[in-house]
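Good morning, everyone, and thank you for making room for me. I would like to walk slowly through one structure with you today, so please have the picture open while I talk.

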Amino acid sequence: MDLPKAGATGSPKHRMSVPDSWCNFVYDFPEFDYAASTNLSEISKGPREESIGGVDVKPQQPLALMRQSHNTRDRVISIPEPLLELYRTYRPTPLRRAHRLEKKLGSSARIYFKYEGGNLSGSHKLNTALAQAFYYKKAGAKHLVTGTGAGQWGTALAYACSLFGLSCTVFMVRISARQKPQRPAMMRLFGATVHESPSRTSRVGSLALSQKPDHPGTLATATSEALELAGGQDGARFAVGSGENCVLLHQTLIGVEAVEQMAAFDDFPDTVVACMGAGSNFAGIALPISREARARQKQLRLVAAEPETCPKLTRGIYAFDINDFSGTTPVSRMYTLGSKYVAPAIHAGGLRYHGTSPWLSAMHAAGMFEAIAVGESESLSAGLLFAETEGLLPAPESAHAVAAALRIVRNPRNPGPRCILINISGHGLFDLTGYEEFSLGSLTEATVDEASLADSLRACRNFNDRLETALGEE
Ligand SMILES: *Cc1c(COP(=O)(O)O)cnc(C)c1O
């Protein structure tokens with residue numbers, strides 16, 4: 001048969017392999033780790049207990065993961081072979097030039113995208129789920145427990161646990177589980193036990209239900225339920241989907257690959273855009289490229305796209321706040337809207353967290369990247385345009401990154417971007433309801449409840465004032 005030759009139509013010139021190490025960004029800026037991890041555990045006990053229903057939390061993470069989070073000694077951290085073998089089943093992920101999108105926009109800038117939606121779990125979360133399952137298994141854990149909002153994290157962890165022979169229990173925010181029944185179904189297919197949260201399986205959940213029988217659930221409650229189960233059962237551990245340095249580290253696969261893939265195009269981005277939940281996919285693509293840009297002495301603009309209704313970077317404060325990432329650190333210094341803030345139920349559930357990774361927060365406070373807040377209709381519209389032109393439907397979360405990139409391309413500062421790279425963190429095939437509502441014109445644009453945001457910010461400021469006083473008196 002006379003088949004066309006691969007590589008004949010402008011695709012990269014060489015095949016690449018999966019990186020054998022992660023990019024340790026902590027090594028690049030150790031001072032940010034210090035700024036972010038200042039520990040005020042004793043003083044902050046009160047609000048922490050409030051947040052998890054008074055449950056005592058035992059240290060949950062294997063030493064290997066804790067070390068990864070605070071390693072200031074090694075420039076790169078090598079990936080163990082059994083883990084590499086699993087990464088090879090779906091990595092390297094595609095990096096393509098968005099020719100048809102460029103044309104549609106009439107843009108003179110080159111637009112590229114990296115696509116993390118092609119694995120079984122449908123998002124970048126699998127990159128850390130596999131790594132965590134590997135290290136927990138090695139440390140003797142039998143059972144991983146977690147809370148999930150939109151469900152991508154729960155799906156990734158369920159799949160990773162099935163590969164490593166670990167039991168898995170996921171507490172999924174009730175309203176999300178009802179909106180996206182495919183997610184819990186998929187978790188169950190991989191053997192996970194899924195509880196709609198609040199559930200009656202925990203004290204925290206039962207309490208929430210007794211106060212409000214039709215409780216829609218929140219990520220904080222789901223996390224509390226997961227912590228309660230993990231804390232009370234031998235061999236059970238709580239695993240965390242984003243925010244912590246080790247999770248960000250696992251995601252650097254995205255950026256390490258992207259550097260090599262851009263080189264295969266003889267190109268290098270001057271602008272990188274990713275959406276911001278707690279920050280793992282943003283860090284994953286941005287930090288390795290940023291290291292490379294410093295090495296080449298090139299200017300690089302990093303842009304985080306967040307929802308207008310959960311605007312921690314554009315409207316939040318840099319302060320100590322409750323950090324429900326893992327239950328190992330009571331409070332963290334980060335950009336936050338205050339832990340009392342409940343973002344409206346937008347379709348991009350993965351971006352509804354009130355805080356930001358402490359590491360990225362320290363970076364942002366130092367002016368090292370910027371943030372753009374995007375409305376829900378604007379993001380879904382951008383996601384659809386991307387689907388029409390590039391043939392892939394971004395997750396509503398990732399669509400925020402597309403929307404921010406479109407703004408940059410359409411209204412360039414001077415000088416405008418010449419080469420822009422967008423991270424597409426996941427696919428939107430389970431989010432068709434949101435896309436359809438938008439295209440039928442029945443989507444009601446959610447807005448910030450200004451009074452409750454002000455209230456939450458005030459509570460957070462007061463908490464910080466009390467901390468300062470307490471510290472001053474020591
Ligand atoms: C979880 C998730 C996000 C947000 O989390 P980050 O840690 O900020 O990356 C973004 N996109 C998708 C598809 C997700 O599943």
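Before I point at anything, let me give you one term, which is that two strands are said to pair if DSSP finds at least two bridges between them. I should also say at the outset that what you are looking at is a predicted model.

With that term in hand, please look at strand β4, residues 110-115, and strand β14, residues 419-424, which pair in the parallel sense over 6 bridges. If you would like to find one of these bridges on your screen, take Phe-113, whose bridge partner in β14 is Ile-422.

Now let us step back to the sheet that these two strands belong to, which is an open sheet of 6 strands in the order β3-β4-β14-β9-β10-β13, with mixed pairing. Which strands stand at the edges of the sheet? They are β3, residues 95-97, and β13, residues 370-374, and because each has a single partner strand, one side of each is left without a neighbour in the sheet. As you follow the sheet across, the twist from one strand to the next averages 25°.

Let me stay with β13 for a moment, since we can say a little about both its partner and its surroundings. Strand β10, residues 301-307, pairs with β13 in the parallel sense over 5 bridges, and within that pairing Pro-307 stands opposite Val-374 in β13. Is β13 mostly covered or mostly uncovered? It is mostly covered, for 4 of its 5 residues are buried.

From the sheet I would like to turn to the ligand. There are 18 residues that surround the ligand, and the closest of them are Lys-125, Ser-242, Gly-277, Ser-280 and Ser-425. When the residues of this shell are sorted by character, they divide into 5 nonpolar, 11 polar and 2 charged. Two of the contacts are made by side chains: a polar side-chain atom of Lys-125 lies 2.8 Å from an oxygen atom of the ligand, and a polar side-chain atom of Ser-242 lies 2.5 Å from an oxygen atom of the ligand. The backbone takes part as well, with a polar backbone atom of Ala-278 placed 3.1 Å from an oxygen atom of the ligand. How much of the ligand's accessible area does the protein cover? Of the 390 Å² that the ligand has on its own, the protein covers 97%.

Next, please find strand β11, residues 317-322, where Phe-320 has its place and where Ile-322 also lies. Phe-320 has a relative accessibility of 14%, and because anything under 20% is called buried, Phe-320 counts as buried. Ile-322, with a relative accessible area of 6%, is buried too. What I would like you to notice is how residues that are separated along the chain can be brought together in space: Phe-320 and Phe-463 are 143 residues apart along the chain, and their C-alpha atoms are separated by 8.1 Å. In a similar way, Ile-322 and Cys-460 are 138 residues apart along the chain, while their C-alpha atoms are separated by 9.2 Å.

Another buried residue is Asn-245, at 7% relative accessibility, and its place is in helix α13, residues 245-251. The side chain of Asn-245 reaches the backbone oxygen of Ser-69 at 2.9 Å.

Finally, let us look at some details of the backbone in the loops. A cis peptide bond, with omega about -5°, joins Arg-91 and Pro-92, and Pro-92 lies in the loop between α5, residues 81-87, and β3. The peptide bond from Ser-197 to Pro-198 is also cis, with omega near 5°, and Pro-198 lies in the loop between β7, residues 193-197, and α11, residues 203-211.

Which residues other than glycine have a positive phi? Asp-266 has a phi near 55°, and Gln-297 has a phi of about 55°. Asp-266 is found in the loop between α14, residues 253-264, and β9, residues 271-275, whereas Gln-297 is found in the loop between α15, residues 280-296, and β10. Asp-266 is exposed, with a relative accessible area of 61%, and Gln-297 is exposed as well, with a relative accessible area of 74%.

Terms used
Residues are numbered from 1 along each chain as its sequence is written. This is a predicted model: local features need pLDDT of at least 70, side-chain atom pairs count only at pLDDT 80 or more; totals for chains, interfaces and linings use all residues. Side-chain values use heavy atoms; hydrogens and water are left out. Buried means under 20% relative accessible area, exposed over 50%, partly exposed in between (1.4 Å probe, protein chains only). A residue is near a molecule or strand if one of its heavy atoms lies within 4 Å of it. A polar contact is a pair of N or O atoms within 3.5 Å; within protein, one must be able to donate a hydrogen and the other to accept it, and residues adjacent in sequence count only if both atoms are side-chain atoms. Accessible areas come from the Shrake-Rupley method with a 1.4 Å probe; for residues, only the protein chains shown count as cover. Ala, Val, Leu, Ile, Met, Phe, Trp, Tyr, Cys and Pro count as nonpolar, Asp, Glu, Lys and Arg as charged, and the others, Gly among them, as polar. Axes are lines fitted to C-alpha atoms, for helices over the stretch in contact, and angles run from 0 to 180 degrees between N-to-C directions.
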